[in-house]
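Open the model in your viewer and keep the selection tool ready. Each stop below says what to pick and what is there.

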Amino acid sequence: MLTPDLKHRILAAAASEASPTRRHRVVGTAIRAVSALAVPLLLFALVGGAGLGPRPLGLVAITALGTLAIAAWALLEGFGRGPSMLGRSRGRLLATAALVPVAFLVWKVIASSGVPHMMDPWPARPGLRCFGVTVLFAAWPFVALAWERWGSDPVHPRVLGLALGVGAGGGAAVLVDLWCPVGHVPHLLIGHVAPMLLLGSLGALVGARVLGVRLGR
């Protein structure tokens, strides 16, 4: 049950803002959704697209499918509201944000360990380029997700921002995994997992400011 104070905050916030028409809402959502996919794909093409390197095609396919499944789950959990008007519970969002980076790393290690030399170190590629590219790919999708959920969470906006940031990082990790042939664990931690943690931290900071329901004047 909603507490009287929470109910008052929700009603006051709803009354203080003009409601957009259904058509306006649908068009805006569609534009943000398309751009959240198109911008990373364009950037992916600009950095050279998929690169097999020494990887066999089967390994690229299986790791891509796994990271895609992890990213889809992360975005569904973070962005979806579930059966409640208040969205996912705090514990569920925290669990998603914690499990996504771990699941990505475990999947990469399991897939790469079965192929000779795929986990060998690459001294020339410690992971800094992948770190930057992951953040670059995830930047606009995170903005689009936060824009769509702007001022919508009366309960735990900071945790919602954390989950959205990690989810955007997970989505970017799918493209970066296609681009990067390195399976060395320190490289994965620096270049692929650390950006998710950074984006989640930034998401928590942004969420506290823009995702929460605020009282009108």
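## A tour of rings, core and pocket

Start with Phe 44, and keep in mind that this is a predicted model. Phe 44 has a relative accessibility of 11%, so this residue counts as buried, the limit being under 20%.

Now add Phe 137. Its relative accessible area is 1%, so Phe 137 is buried. Show both rings. Their centres lie 6.4 Å apart and the planes meet at 80°, so Phe 44 and Phe 137 form an edge-to-face pair; the angle needed for that is over 60 degrees. The count of aromatic pairs comes to 1.

Colour the two helices next. Phe 44 belongs to helix α2 (residues 22-46) and Phe 137 to helix α5 (residues 128-148). The two residues are 93 apart in the chain, and the pair links these distant parts.

**Next stop: the nonpolar core.** Keep Phe 137 selected and add Leu 164, Val 176, Trp 179 and Leu 211. These five touch the most other members of the largest nonpolar core, which has 24 residues. Which elements give two or more residues to this core? They are α2, α5, α6 and α7 (185-210). The largest share, 9 residues, comes from α6. Another core, of 11 residues, lies apart from this one. To find this other core, select Leu 105, Val 166, Leu 188 and Met 196, which are among its members.

**Back to Trp 179.** Show its ring and add Arg 125. The charged end of Arg 125 sits over the ring of Trp 179, 5.3 Å from the ring centre.

**Now the second largest pocket.** Its volume is about 610 Å³. Select Ala 33, Ala 36, Leu 37, Leu 75 and Pro 141: of the 24 lining residues, these are the closest to the pocket centre. Which helix supplies the largest share of the lining? That is α2, with 7 residues. Each of α2, α3 (57-79), α5 and α6 (157-179) supplies at least two lining residues. By type, the lining divides into 19 nonpolar, 3 polar and 2 charged residues.

**Last stop: Val 100.** Find this residue in helix α4 (residues 90-113). Is Val 100 buried or exposed? Its relative accessible area is 0%, so Val 100 is buried. Finish by adding Ile 70. The C-alpha atoms of Val 100 and Ile 70 are 6.7 Å apart in space, while the residues are 30 apart in sequence.

How values were computed: Residues are numbered from 1 along each chain as its sequence is written. This is a predicted model: local features need pLDDT of at least 70, side-chain atom pairs count only at pLDDT 80 or more; totals for chains, interfaces and linings use all residues. Side-chain values use heavy atoms; hydrogens and water are left out. Rings of Phe, Tyr and Trp (its six-membered ring) pair if their centres lie within 6.5 Å; planes under 30 degrees apart count as stacked, over 60 as edge-to-face and the rest as tilted. Helices (H or I, at least four residues) and strands (E, at least two) are DSSP runs, numbered from the N terminus. Buried means under 20% relative accessible area, exposed over 50%, partly exposed in between (1.4 Å probe, protein chains only). A charge sits over a ring if NZ of Lys or CZ of Arg is within 6 Å of the ring centre and within 35 degrees of the ring normal. On a 1 Å grid over the protein atoms alone, a cavity is a set of points where a 1.4 Å probe fits but cannot get out, and a pocket is an open set with protein on both sides within 12 Å along at least five of seven lines; lining residues have an atom within 4 Å of a point. Grid points are joined across faces, edges and corners, and a volume is the space filled by probe spheres set on the points. Ala, Val, Leu, Ile, Met, Phe, Trp, Tyr, Cys and Pro count as nonpolar, Asp, Glu, Lys and Arg as charged, and the others, Gly among them, as polar. A nonpolar core is a set of buried Ala, Val, Leu, Ile, Met, Phe, Trp, Tyr and Cys residues joined through side-chain atoms within 4.5 Å.
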